[in-house]
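Me: Please take a close look at the open sheet of chain B and at what packs on it. I would like one connected account rather than a list.

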Amino acid sequence: MNRRFSWFNATALTLGFAFLYLPMLILVIYSFNASKLVTVWAGFSTRWYGELIHNEAFLSAAWVTLKVAVVSSTVATVLGTMAAYVMVRAGRFWGRTLFSGMIYAPLVMPEVITGLAMLLLFISLGLDRGVFTIILAHITFTMCFVSVVVSSRLATFDKSLEEAALDLGCTPFDAFKSVTLPIIAPAVISGWLLAFTLSLDDLVISQFVAGPSSTTLPMKIFSAVRLGVSPEINALSTILISIVTIGVISASLISKRSIARQRADEQKALQQ
Amino acid sequence: MAQPGTRLVFAPWNDPEQKPLIQFKNVTKKFGDFVAIDNITLDIYRREFFALLGPSGCGKTTLMRMLAGFEAPTSGTILLDGVDIAPVPPNKRPVNMMFQSYALFPHLSVWDNIAFGLRRSDMPKDQIPARVEDMLRLVRLEKFAKRKPHQISGGQRQRVALARSLAKAPKLLLLDEPLGALDKKLRQDTQFELMDIQEKTGTTFVIVTHDQEEAMTVASRVAVMDHGKMVQIDTPDRIYETPNSVYVADFIGDVNIIEGNVIDTVDGKVSIEWAEGQPRLLGTVGEGVAKGSRVHYAIRPEKVAIATQPPADRANVIEGVVHDIAYLGNISTYKVELPGGRMMKAQVANDRRIARRDITWDDKVWLSFTDTAGVVLLG
């Protein structure tokens, strides 16, 4: 662990991080540009953040996005947790491998295909496209992420805890509610945050299933950029970046902390 | 406690008037093709401390899980108080279990862990705190009520698990390797504590263990299991002194087993030829032993005396050379090589200081034992 930082490591690290974060850094810096011209630096200002507040179109798009993200990530968390529970707990049943494979398939499915499939489904069902269809589509594609996070936690869960709850008089549902759920809560919460951020910045699928009255923020930004990049969009993107960053960091912190605590408990138990 | 003279021996299994609390009737449990429990019939009585003993994989845990309701028998019936419990789910059974891993709820305090079952019983809400306090006092953990399970030691966790499983005053308490995670000293103390608590509460205990010493210490009766079958069910002293098979003799404690042929049976005594040029062994006739049968003579090392001079008045005397000495503090085990290369162990209590020990390596010694000291087993 005590290896010296060689020039090769340093270069690789710098290049890698530059590649990943330089574009975003430039965007954040220019969001504080006083000039209306995006590429000319004219001093520090928070003017564009102020103007953003008065931009009705952006605000309503942000409101739609937030609604979609909260509702879809909540429903996806419930469904994803249930799916994970069945996959880990139900033991061997006919077609189990197929089912678990199918839960994870949307992870690797190209978004264009998911979006197109969703669109075709909604048309054939005769559903009017709008906020509701976006929510449905987002539930579909974020559910599998929740399921992955929760099932990895459930796999290390001591099954005798549930048996002890049953033994002490719980019905199976009561055992899940008062023992399993509180213990796996960190994983469920980080699953929710993951689903929330995924829904927040989804463009492709939303594009397919959105209606005229339901423009999400990423869609709004995308269409605005085609008419030319305005500093307002930079400001908006900076806000989005911060929300997503906070979401992802807290999700990983929550799961990391619970894992660390679990490890510490196991260590303690071993030392007895 | 009972006064000397008026003391009653606790042995409900010998009393035909007694009705067993638990009855296994021809119970078989299969997992796929694997037979975990093979046609077991067994009675366990009220207030008994019953130990299921056997190596891992012998089916003892499966038997216990069937009592708790986590497994259902493939065939046969299990009666609790005369009622078939097969259709009763685990949360409706008057049975509680203490898990090997303790299974304490990590998100709840010690107090809430113990109250967990009570809150789901029909006990009135205002009586729960008093019951929890009683339980905490029983396991001497009053000071730790507010702690979380990870903030207390392993021994304390074990006692919380015990208190939690006793809180609902079950008819039957199941203990799955309850002391497996404790170190030896703590385990011995806890064994006595368990017996104490069992006596105080009058609950029927069924304990699963692979540790024969533990089973012998705590249990009123021990059932020795092997491959899903009951090999012997008896009191600890009878299991030790009169094992009914080579398996039991070998599993419980230390034993010398000598294979031989029965030459003669006279007046309940049997003489066994076991090696060329050696005097025949004299023993007491066991069940089914007849002239000509192939038998195993099992004798415990502590029943074999060791001396530097041939003793005059013992039924069996064998000459040998000391091969090894294991000094264990309170006792020493002498491994003696008999002519022909066979080893025999003799155990002697170290009632003298070691400096005065008069037998050492490569000494010529005489091993001796009476004709009632060992058991003659068929097969």
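Reply: In this predicted model, the open sheet of chain B is built from six strands, placed in the order 6-7-8-3-9-10, with mixed pairing. The edges are strand 6 (95–98) and strand 10 (229–234) of chain B; each has a single partner strand, so one side of each has no neighbour in the sheet. Direction ignored, neighbouring strands of this sheet are turned against each other by 20° on average.

At the strand 6 edge, the partner is strand 7 (residues 172–176) of chain B: the two run parallel and are joined by four bridges. Within this pairing, Met98(B) has Leu175(B) of strand 7 of chain B opposite it.

Two helices of chain B can be described against this sheet. Helix 1 (residues 60–68) of chain B packs on the sheet and touches strand 3 (49–53), strand 6, strand 7, strand 8 (204–209) and strand 9 (221–226) of chain B. The direction of helix 1 of chain B makes about 145° with that of strand 7 of chain B. Helix 4 of chain B also packs on the sheet, where it touches strand 6 and strand 7 of chain B. Its direction makes about 175° with that of strand 6 of chain B. Strand 6 of chain B, an edge strand, is thus touched by helix 1 of chain B and by helix 4 of chain B.

Helix 4 of chain B (residues 154–166) has a helix partner as well: its axis and that of helix 2 (residues 110–119) of chain B come within 7 Å and cross at roughly 25°. An angle under 35 degrees counts as roughly parallel, and helix 2 and helix 4 of chain B are therefore roughly parallel to each other. Their crossing is right-handed. On the side of helix 2 of chain B, the contact is made by Val110(B), Asn113(B), Ile114(B), Phe116(B) and Gly117(B). Helix 4 of chain B contributes Val160(B), Ala163(B) and Arg164(B). Sorted by class, the residues of this contact are five nonpolar, two polar and one charged.

Taken together, helix 4 of chain B packs on strand 6 and strand 7 of chain B and is also in contact with helix 2 of chain B, through residues that include Val160(B) and Ala163(B).

Note on methods:
Residues numbered from 1 in each chain as written. Chains lettered and ligands numbered in written order. Predicted model: local features only at pLDDT ≥ 70, side-chain atom pairs only at ≥ 80, totals over all residues. Axes fitted to C-alpha atoms, helices over the stretch in contact; angles between N-to-C directions. Parallel < 35°, antiparallel > 145°, perpendicular 65-115°, else oblique. Left-handed = near helix turned anticlockwise from the far one by under 90°. Contact = placed C-beta atoms within 7 Å. Nonpolar A, V, L, I, M, F, W, Y, C, P; charged D, E, K, R; others polar. Pairing = 2+ DSSP bridges.
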